[in-house]
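Reader: I would like a close look at a single part of this model, set out with some care and then placed among its surroundings. Please take the structure shown here as the starting point.

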Amino acid sequence: MAHKTKRTAVYLLTATMAFTGMGMTAQASVLPGGGVSVALENGNKLEDVTTKMSSLPIESVIESIPLVESTVTPKEPTEEDLFRNLVIAQVNSYVNVRSEPNEEGEILGKLYDNSVGTFLSEENGWYQITSGSVTGYVKGEYCVTGDAAVEIAKQVGKRFATVTTETLYVREEASTECNIIGMVPQADELIVLEEGDGWVKVDVEEGHGWVSADYVSLHSEFVQAESREEEERRLAKEEEERRKAQAAAQAAAAAQAAAAQAAAQAAQGTETAQQEETVYTATGGSEMGQAVANYGLQFVGNPYVYGGSSLTNGTDCSGFVMSVYANFGVSLPHNDAADRSQGYAVDGLENAQPGDIICYSGHVGIYIGGGQIVHASNSRTGIIVSNADYRSILAIRRIF
């Protein structure tokens, strides 16, 4: 416990010394006095005590007086308190973050529409903010803060529950007595739909269910500013990824051509029966992305196994994506939340290409084109093809 020294109690020592010589015998007691107390034992005279005290330097006596700091715990800020301190861009595209509160200030980065910074100060109609790695000024007329930011923050922010236990059950209702509809692994991030008394309603592959609040940590995520350096690195990375994708696509095209020729030769003189089954083929985008999607489609109908990564004997959603990409020499994590940071971002499903990773709350799949994905859905369905927008999409990431 921290202590402080109080230097304003000299008068008590003086008052005590005034009793010297009066021959007062004190019983065991304490003399209160503005933060200083002197304990007397039975049989001691007050002059004995004062004599002993007078032999001590006054400074020593004063410096030895501890004051205990208040143990009152400050009130924890509410979510609305935190939101009130945000600065949220409300523009068509972005607002520049500048080094000074004027148009002549150097552009340090960009705060995109609905992106968020933390309010630091206001000067001449400009807000000083910190957002991501950027600290600077944005023009106030293009942003909102204070009470106006509270409701907007609830709309533009995403509320997540991060699983903090090895395996967490998702139940039909907010009770341990209810049926389990699914399981999610540690570190998974689930979109929060509702928060109740000790329970959190989340969106998982099996549907909407409830998890115990004891086994998740809750937080809100917002898009933050991008510095000039980060923008340059992102654009350079995207260009490099495109270059790699083109090279890989050429190699894949050559391999596919060779395989097609071999299949044509094998089929000569052989009649095959027409099978009544749906055949999926990836279309559009890069040839490498098509190769990834078509490879994943080979395993439609195989089983789903929680925690698995075998494309034939059973896999879960992130294990499926990981194993498909491993066939092309790409190492991805066995975690759907971590997949949201792989490769680079694609803006909207309308811009998705075969091979892109489609990320959901607690789930992930591979885009095959035509608005569809192939994914290891759940234990009832196994690996299937679904419409990509069958659930709310959190992110689309491109590897090739």
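Which element gives the most to the lining of the second largest pocket, and with how many residues?

Author: In this predicted model, the element that gives the most to the lining of the second largest pocket is strand β14, which contributes three residues. Strand β14 covers residues 180-185, and it shares the role with helix α8, since each of the two supplies at least two residues of that lining. The pocket itself has a volume of about 190 Å³, and 19 residues line it, those closest to its centre being P185, D188, Y304, C317 and G362. Sorted by class, the lining holds seven nonpolar, seven polar and five charged residues.

Helix α8 deserves attention in its own right, and C317, already named beside the pocket centre, is also one of its buried residues. The helix is mostly covered, with eight of its 10 residues buried; besides C317, the buried set comprises S318, G319, F320, V321, S323, V324 and Y325.

The next step is the sheet beside this helix. An open sheet of six strands runs in the order β22-β27-β23-β24-β25-β26, and its pairing is antiparallel. Strands β22 (344-345) and β26 (382-387) stand at the edges, and because each has a single partner strand, one side of each is left without a neighbour in the sheet. Within the sheet, β23 (residues 357-360) and β24 (residues 363-369) pair in the antiparallel sense over four bridges, and I358 stands opposite G365 in β24. Helix α7 (residues 287-297) packs on this sheet, where it touches β24, β25 (372-378) and β26, and its direction makes about 115° with that of β24. Helix α8 (residues 317-326) packs on the sheet as well, touching β23, β24, β25 and β26, with a direction that makes about 50° with that of β24.

Y325, one of the buried residues of α8, also appears in the lining of an enclosed space. The count comes to two cavities of 30 Å³ or more, and the second largest cavity has a volume of about 30 Å³. Its lining consists of S286, G289, Y325, Q353, P354, G355, D356, R398, I399 and F400, which divide into four nonpolar, four polar and two charged residues.

Two strands of the sheet lead on to another opening. The elements that give two or more residues to the lining of the largest pocket are β12 (158-163), α6 (228-267), β22 and β27 (395-398). This largest pocket has a volume of about 1,300 Å³ and is lined by 33 residues, of which V223, A345, L394, A395 and R397 lie nearest its centre. Helix α6 provides the largest share of the lining, namely four residues. By class, the lining of the largest pocket has 15 nonpolar, seven polar and 11 charged residues.

Elsewhere in the chain, helix α5 (residues 147-156) offers a further example of covered residues, with A149, V150, I152 and A153 buried. What covers these buried residues includes α4 (79-84), β5 (86-89) and β11 (143-145). V87 is found in strand β5, and with a relative accessible area of 0% it is buried. The C-alpha atoms of V87 and V150 are separated by 9.9 Å, although the two residues are 63 residues apart along the chain. Leaving aside its neighbours within four places in sequence, V87 is in contact with L111, S115, V116, G117, F119, Y127, I129, V138, C143, V144 and T145.

Y127, one of the residues in contact with V87, is also touched by Y137. Y137 is found in strand β10 (residues 134-139) and, at 12% relative accessibility, counts as buried. Not counting residues up to four places away in sequence, Y137 touches N96, V97, R98, S99, E100, P101, E123, W126, Y127 and Q128. Y137 and E103 are 34 residues apart in sequence, and their C-alpha atoms are 9.9 Å apart in space.

For the setting as a whole, the chain has nine helices and 27 strands. Of its 400 residues, 40% count as buried. Among contacts between residues at least 6 apart in sequence, 59% join residues at least 24 apart.

Notes. Residues are numbered from 1 along each chain as its sequence is written. This is a predicted model: local features need pLDDT of at least 70, side-chain atom pairs count only at pLDDT 80 or more; totals for chains, interfaces and linings use all residues. Side-chain values use heavy atoms; hydrogens and water are left out. Two strands pair if DSSP finds at least two bridges between them. Contact means heavy atoms within 4.5 Å. Axes are lines fitted to C-alpha atoms, for helices over the stretch in contact, and angles run from 0 to 180 degrees between N-to-C directions. On a 1 Å grid over the protein atoms alone, a cavity is a set of points where a 1.4 Å probe fits but cannot get out, and a pocket is an open set with protein on both sides within 12 Å along at least five of seven lines; lining residues have an atom within 4 Å of a point. Grid points are joined across faces, edges and corners, and a volume is the space filled by probe spheres set on the points. Ala, Val, Leu, Ile, Met, Phe, Trp, Tyr, Cys and Pro count as nonpolar, Asp, Glu, Lys and Arg as charged, and the others, Gly among them, as polar. Buried means under 20% relative accessible area, exposed over 50%, partly exposed in between (1.4 Å probe, protein chains only).
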